[in-house]
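Reader: I should like to learn how to read the features of a structural model in an orderly way. May we begin with the pairing of charged side chains and proceed from there?

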Amino acid sequence: MTTIFSARKIITMNPSRPQATHVAVRDGRILGAGTLKELAGWGDYTLDETFKDKVIMPGLVEGHSHAMEGTLWKYTYVGFFDRMDPHGKIWTGAKDIDAVIDRLVEADAQIEQDDAPLPAWSLDPIYFNNERVTREDLDRVSTTRPIGIMHASGHILNVNSKALEIAGLLKTGINNPGVPLGKDGLPTGELKGPDVMTPVGIHVGFDRDMLACDEQGLIDFAKLCVRSGVTTATDLAARLPDEAVNMMLEVTAHKTYPARIVPLRFHHGVTPDELIAHAEKLKTQSTDRLRLGMIKVVVDGSIQGFSARLRWPGYYNGAPNGLWYISPEHLQHVINASLEKGLHIHTHTNGDEATELVLDCMEEGLLQHPAPDHRFTLQHCQLADSAQFRRMAKLGMCVNLFANHHFYWGDEHYNLTVGPERATRMNACATALKNGVPMAIHSDAPITPLGPLFTAWCAVNRLTSSGRTQGEYEKIELSEALYAITLGAAYTLKLDGEIGSIETGKRADFAILEDDPEQVDPSKLKDVKVWGTVQDGRIFPAANL
Amino acid sequence: MSTKPKTPLTVIGGYLGSGKTTLVNHLLRNADGKRLAILVNEFGELQIDADLIEAQDDDVISLAGGCVCCSYGNDLIMAMMDMSKMGPCPDHIILEASGVALPAAIAGSVSLLNDFAVDGIVVLADAETIRNRYNDKYMGDTVSRQLSDADMVLLNKTDLVSTEDCQTIHAWLSDVTSQTPIIETSRCAIPAAVLLQDFGRSDIAPATQDAHQTNNFQTTLRVPDGPVDPNDYAIQLLKEIPGLVRAKGFVTSTDGSSKTIQLVGQRIEITPAPADATTGVVTISVCQASSKPDGE
């Protein structure tokens, strides 16, 4: 059974034939793209004109996201920016603390039990001139139920007095840098860092394993994929115990599940050898819509949390250097074993010292286990300089840069964390491409919203949220950005032979757009409307989710 | 809020290969009736001597003498909270930090939990490699921060270096860690009491005020003449007893109340004493004349 879709325009990303008017699909795969006349040669077909006024692109690929974006929407959204939930509702950004409180009061009114927790997420006080939220602010919402708001960064939690009281922390004498105290000697309600957040977090309704995604969350995550034109998305750090894998296999196998999910096994909590063994086992469980067997190694922390590892001269504000989350010995061991066994690693490095360590370990590992096409990928890699990009190219590494970060925290990096020069080179997309490093760009959803067209806009315009252009010379062309969110990301996952372009033999994965991203003003790229997706030949209109 | 007594917890830190696992096994073998709970990042890292293991499932290994070993994986605090719900309470918890962790940060987090009291931070240094680690391009500052977090440093594997080198390293380490007591060990052989001593139990209960000297450590019982300021008294002990590494006991405070004094290295904790407390403080100190233990 062949279906030929007509379109206003098809952007194929196939260099031999960049544009077409029709695409023929059989058994979920692409027979070819071209004119109707050319495609008619494949035999009997049904002409589907649903997209005749739309623009078709290859299904977008998000190379660094977390499926927990779907889960977080069961909590109350109090972020600064407008954001769409899985059901398509746009939540208006809360522009000041009062707006945050109003939103919580509404949510509070909908919970019947007086003592049930009220969890919320995506607070970011840097947009409130860094005015800190306090427990007294949240006590205005309720003094009987525990309330907690996770910050957008995921590194800080704000709670009310009741939550502190339940956790036994509404007391004086606490001496912990993660627990700031007020003039009264009691905690202000701000809790910094996961170890400090956990003892209170469980009382405000945040689940045990914040990175874990439950069944409904995985379903909702796929809805967000459809709304943003994504047909393949990574779940970049998961522990993947058997029960989670079974759940994911079941959910993604459902005939209406609209996305291909690529979960990576997170290195924490197991030894290097256990990690390798688990990845090898996962690889055998892989299906078309759940691609298992890749490894994620977290090397350092985050720049805005001052836990990233920076080379000299370190943080602009003089903060001490950040934290290692793996030893060089273990990293080397995991890299060597993965090269030897053909496993595929993505590393999280934010600071340039962490990136340097990965490059050193790769150089050593490749001497011992030469691998011509390993495609190990540096994720975030926000502070890499040109010399490091040159080494990546020589070592055959890919990079997936955090283009969205620039918009949300670029001003913070400029003023506080790394200072003007290095803030200007952060996420140096142009330098990566100039040096021939295969490149993707990402959202790290839920840290920033899932939406590759927005991510592409960030890389093309490099505007910060205050409206400043930061890094004029690191801007990339629109065509390069569109490549990065399709074939570029697919390449880092070794899926570029299957997805990322519209050409014969590939999966029938399409992003269906209302506007033509090649024709809009680059400053409007983020406003290109998404109608929905086609995944494996199945049509998913966003309006029907 | 919980009113049950807090379980003492010792954080063991130190870079990879410094002997943390050896120390854990040594403590398990010398627990002397104490029920220890060992918390490790991941089981695979901790090679518990097979003869100590009685039963094992995914999260908990049951060990001889009522001890247990739990892995905390990627969420230490959650594992601690689970442990506080588990019965019966262990007598002492040993938390083995990962090789790149900063032990004071872990201790700071644990201190937020109401069921546990940080007893001390012990950091191991491998006599053979510590100086190279300290100067390592990537790990140097982490190793330095680990050492400065310590209440007590075990300079371990002294049997693998010459006496002369050992002295040099000891002197260098003293410079780096300033006031922190440094104890030389080989294969982590150290009297368990130095880490686990708990006044009122039988592990060290000198009947008299005579000093006991074993294995380069000296134990004394001090009884103040009358009421004292507990904090001043603890500082006084540090001044008077060279090589003091640990002290625990009860004194009558100047306000008439009975207080528990607990001292590990430079860390001093003063808390209300239990009702039946008898005045007296047990001290453990390293004999100053010694350098390297004889034998292995």
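Author: A salt bridge is counted where a side-chain nitrogen of Lys or Arg lies within 4 Å of a carboxyl oxygen of Asp or Glu. The model before us is predicted. Over all chains, the structure holds 51 salt bridges.

Reader: Which residue of chain A meets Lys54(A) in a salt bridge?

Author: Side chains of opposite charge can pair when their charged atoms come close. In this model the partner of Lys54(A) is Glu514(A), with an N to O distance of 3.0 Å. Glu514(A) sits in the loop between β21 (510–513) and β22 (530–535) of chain A, while Lys54(A) sits in the loop between β4 (46–48) and β5 (55–58), so the pair ties together parts that are 460 residues apart in sequence.

Reader: How should one read the interface of two chains, and how many residues of chain B are in contact with chain A?

Author: The size of an interface is often given as the accessible area lost when the parts come together. Here 28 residues of chain B are in contact with 37 residues of chain A. The two chains, B and A, bury about 2,700 Å² between them, and 56% of this is on carbon and sulfur atoms. On the side of chain B, the residues that lose the most area to chain A are Asn74(B), Leu112(B) and Tyr138(B), which together account for 26% of what that side buries.

Reader: How many salt bridges are there between chain B and chain A?

Author: The count between these chains is three. A salt bridge between the chains joins the side chains of Arg133(B) and Glu329(A), at 2.9 Å from N to O.

Reader: May the domains within a chain be read in a similar manner? Into which domains is chain A divided?

Author: The same reading can be applied to domains. Chain A is divided into domain 1, residues 76–201, and domain 2, residues 215–535. Taken over C-alpha atoms, the centres of these two domains of chain A are separated by 29 Å. Each of them gives 15 residues to the contact. Between them, domain 1 and domain 2 of chain A bury about 1,300 Å², with 59% of it on carbon and sulfur atoms. In domain 1 of chain A, Phe81(A), Arg83(A) and Pro86(A) lose the most area to domain 2, together 37% of what that side buries. Across this interface of chain A the rule finds zero salt bridges.

Reader: Into which domains is chain B divided, and how many salt bridges does the rule find across their interface?

Author: Chain B is divided into domain 1 (7–196) and domain 2 (212–286). Their centres, over C-alpha atoms, are 24 Å apart, and the contact takes 16 residues from domain 1 and 13 residues from domain 2. The area buried between these domains of chain B is about 1,200 Å², of which carbon and sulfur atoms give 59%. In domain 1 of chain B, Asp119(B), Asp151(B) and Val194(B) lose the most area to domain 2, together 37% of what that side buries. The rule finds two salt bridges across the interface. Asp151(B) also forms a salt bridge with Arg267(B), the closest N and O atoms being 2.7 Å apart.

Reader: Let us turn to helix packing. At roughly what angle do the axes of α13 and α16 of chain A cross?

Author: Two packed helices are described by the angle between their axes and the distance between the axes. The axes of α13 (residues 403–417) and α16 (residues 452–461) of chain A cross at roughly 75° and come within 7 Å. Angles of 65 to 115 degrees count as roughly perpendicular, and α13(A) and α16(A) are therefore roughly perpendicular to each other. From α13(A), the contact is made by Ala403(A), Asn404(A), Phe407(A) and Tyr408(A); from α16(A), by Phe454(A), Thr455(A), Trp457(A), Cys458(A) and Ala459(A). These residues divide into seven nonpolar, two polar and no charged.

Reader: Finally, what should be noted about the backbone? Which residues does the cis peptide bond with omega of about 5° join?

Author: That cis peptide bond joins Trp312(A) and Pro313(A). Pro313(A) is placed in the loop between β16 (294–298) and α10 (328–341) of chain A. The peptide bond from Ala445(A) to Pro446(A) is also cis, with omega near 10°, and Pro446(A) lies in the loop between β20 (439–441) and α16 of chain A.

Technical notes:
Residues numbered from 1 in each chain as written. Chains lettered and ligands numbered in written order. Predicted model: local features only at pLDDT ≥ 70, side-chain atom pairs only at ≥ 80, totals over all residues. Heavy atoms only, no water. Axes fitted to C-alpha atoms, helices over the stretch in contact; angles between N-to-C directions. Helix = DSSP H or I, 4+ residues; strand = E, 2+ residues; numbered from the N terminus. Parallel < 35°, antiparallel > 145°, perpendicular 65-115°, else oblique. Contact = heavy atoms within 4.5 Å. Nonpolar A, V, L, I, M, F, W, Y, C, P; charged D, E, K, R; others polar. Domains from an automatic or database assignment. Buried area = accessible area lost by both parts, 1.4 Å probe.
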